[in-house]
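Student: I have a new structure to read and I don't know where to start. Could you walk me through its features?

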Amino acid sequence: MPLNSNCPSPLSGSIRGDFFATGPWFDLLAATATNPGDEIIHVQPARGGLNMPFRIHGGSPRRITGFSNFYSGLYEPVYDQDYTSHDIQEILNELTASRSWDVLEFAPLDTEGLFHVHLLEALGQAGLLFDRFHCFGNWYLSVADGGYVRYMADRPSALRNTVKRAQAKLAKRPNTGIRVITTEGSELEAAIRDFDRLYLLRGRKPEPYPDFVPGLCRLAARHGWLRMGMLDLEGEAVAAQIWVTKDDKSLIYKLAYNPSVGNLSVGSVLTAHMMALAIDGDRVREADFLIGDDSYKRDWMSSRRERQGIIVFNRRSFGGLREAAHHFGGRLVRRYRPAGNRTPAHD
């Protein structure tokens with residue numbers, strides 16, 4: 001049963017399943033979004049066909065986590081054939097037997113996905129002590145019949161009117177229009193530079209891993225998954241969006257715009273154009289706004305779900321027992337604390 005450290009995924013060419021369950025995604029994360037000293041390992045069952053990447057953390061408690069970070073909309077294994085809970089249990093047995101650990105974490109997870117089902121079965125079969133925790137809210141659209149026209153008809157009237165008025169205003173401006181970049185080349189590289197410029201205009205901090213976003217765009221373009229929308233106003237890019245469309249799902253990954261032209265609703269106009277492309281052009285069944293409960297997302301999407309994590313405690317280590325006592329004890333305190341003594345959520 002192979003366990004490989006700090007090397008490309010043994011299934012790095014596998015692109016089956018969700019974008020976040022592909023070998024190229026994990027290779028990108030390893031190449032552009034890790035810290036010095038991070039140890040990334042890949043564990044497979046004996047029959048192969050499945051790969052679970054993990055990150056080994058130093059310090060105390062001794063933590064092993066599924067290889068993900070704040071760029072990850074989901075954590076799932078890479079696979080090129082169907083797998084079962086027995087395969088997951090084999091991986092857990094190999095990992096916990098070969099590594100000293102106190103806490104094991106998997107996040108963020110799709111609670112309706114097959115991996116989540118198999119993981120819960122494997123944890124139960126192994127008799128491990130575990131609990132679930134909240135990661136973030138996720139707004140998404142299940143695309144109904146009727147195409148983009150039906151989609152916009154179902155949106156709030158305020159949003160429809162905003163988009164309509166903004167489209168009319170922009171149509172009167174010279175050298176104004178929308179481009180969608182899907183392939184590698186000089187236009188993509190220029191668009192990446194424009195995106196970086198726009199992203200910082202709203203006072204945002206620079207990306208902690210500056211190579212990640214360019215790498216994401218190039219990776220998606222290489223596989224035909226990139227939909228990078230650029231709205232030009234009088235010859236200058238004023239809004240940019242990075243979408244990743246794989247199979248029948250569009251992931252709305254990154255948005256940026258120039259706040260000095262915010263009164264023209266350039267971001268809304270670009271989002272409407274990209275939704276039309278996804279629904280009528282790519283024929284997706286789902287659009288996913290990924291991470292967070294930003295208020296504007298509910299206008300564009302139809303539903304909300306919760307992404308969760310699973311934390312596992314090692315009952316055979318002092319550190320694992322200490323972390324379990326802290327975790328479950330904290331939950332009991334929060335549950336039974338009198339309402340009048342609870343810290344308010346905000347002032």
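Tutor: We'll go through pockets, a cavity, cores, a helix and some backbone angles.

Tutor: First, the ground rules: this is a predicted model, in which local features need pLDDT of at least 70, side-chain atom pairs count only at pLDDT 80 or more, and totals for chains, interfaces and linings use all residues. Residues are numbered from 1 along each chain as its sequence is written, and side-chain values use heavy atoms, with hydrogens and water left out.

Student: How do I read a pocket, and what volume does the largest pocket have?

Tutor: The search runs on a 1 Å grid over the protein atoms alone: a pocket is an open set of points with protein on both sides within 12 Å along at least five of seven lines, whereas a cavity is a set of points where a 1.4 Å probe fits but cannot get out; lining residues have an atom within 4 Å of a point. Grid points are joined across faces, edges and corners, and volume means the space filled by probe spheres set on the points. Here the largest pocket comes to about 840 Å³.

Student: Which residues lie nearest the centre of the largest pocket?

Tutor: Arg 204, Lys 254, Leu 255, Asp 294 and Tyr 296 do, out of 29 lining residues. Two or more lining residues come from each of strand E10 (236-246), strand E11 (249-257), helix H8 (266-281) and helix H9 (297-300). E11 gives the most, 6 residues. Those labels are DSSP runs numbered from the N terminus: helices are H or I with at least four residues, strands are E with at least two.

Student: And what classes of residue make up that lining?

Tutor: For classes, Ala, Val, Leu, Ile, Met, Phe, Trp, Tyr, Cys and Pro count as nonpolar, Asp, Glu, Lys and Arg as charged, and the others, Gly among them, as polar. The lining of the largest pocket splits into 17 nonpolar, 6 polar and 6 charged residues. In the second largest pocket, of about 510 Å³, the lining has 9 nonpolar, 3 polar and 13 charged. Gly 17, Asp 18, Glu 76, Lys 249 and Arg 285 lie nearest the centre of that second pocket.

Student: How many cavities of 30 Å³ or more are there?

Tutor: The whole structure has 1, holding about 50 Å³ of space. Its lining includes Asp 18, Phe 20, Phe 136, Lys 249 and Arg 307. E7 and E11 are the elements that give two or more residues to this cavity's lining.

Student: What is a nonpolar core, and how many residues does the largest one have?

Tutor: It's a set of buried Ala, Val, Leu, Ile, Met, Phe, Trp, Tyr and Cys residues joined through side-chain atoms within 4.5 Å. Buried means under 20% relative accessible area, exposed means over 50%, and partly exposed is in between (1.4 Å probe, protein chains only). The largest core here has 65 residues, and Trp 25, Phe 54, Phe 106, Phe 212 and Met 228 have the most contacts inside it. Helix H7 (residues 212-222) supplies the largest share of this core, 7 residues. A second, separate core has 30 residues, including Val 261 and Met 274.

Student: Is Phe 19 buried or exposed?

Tutor: Phe 19 counts as buried because its relative accessibility is 3%. Phe 19 sits in the loop between strand E1 (3-5) and helix H1 (23-32). Beyond its neighbours within four places in sequence, Phe 19 is in contact (heavy atoms within 4.5 Å) with residues including Trp 25, Leu 216, Val 244 and Leu 251.

Student: How do I check a helix such as H3?

Tutor: Compare its span with the expected one, which is 1.5 Å times one less than its number of residues. With 13 residues, H3 should span 18 Å, and its end C-alpha atoms are 18 Å apart, so the two agree. Among the buried residues of H3 are Phe 115, His 118, Leu 119 and Ala 122.

Student: Which backbone angles should catch my eye?

Tutor: Most residues other than glycine have a negative phi, and most peptide bonds are trans. In this model, the bond from Ser 60 to Pro 61 is cis, with omega near 0°. Another cis bond joins Ala 107 and Pro 108, with omega about -10°. Asn 175 isn't a glycine, but has a positive phi of about 50°, and Asn 175 counts as exposed at 63% relative accessibility. Asp 247, in the loop between E10 and E11, has a positive phi near 55°.
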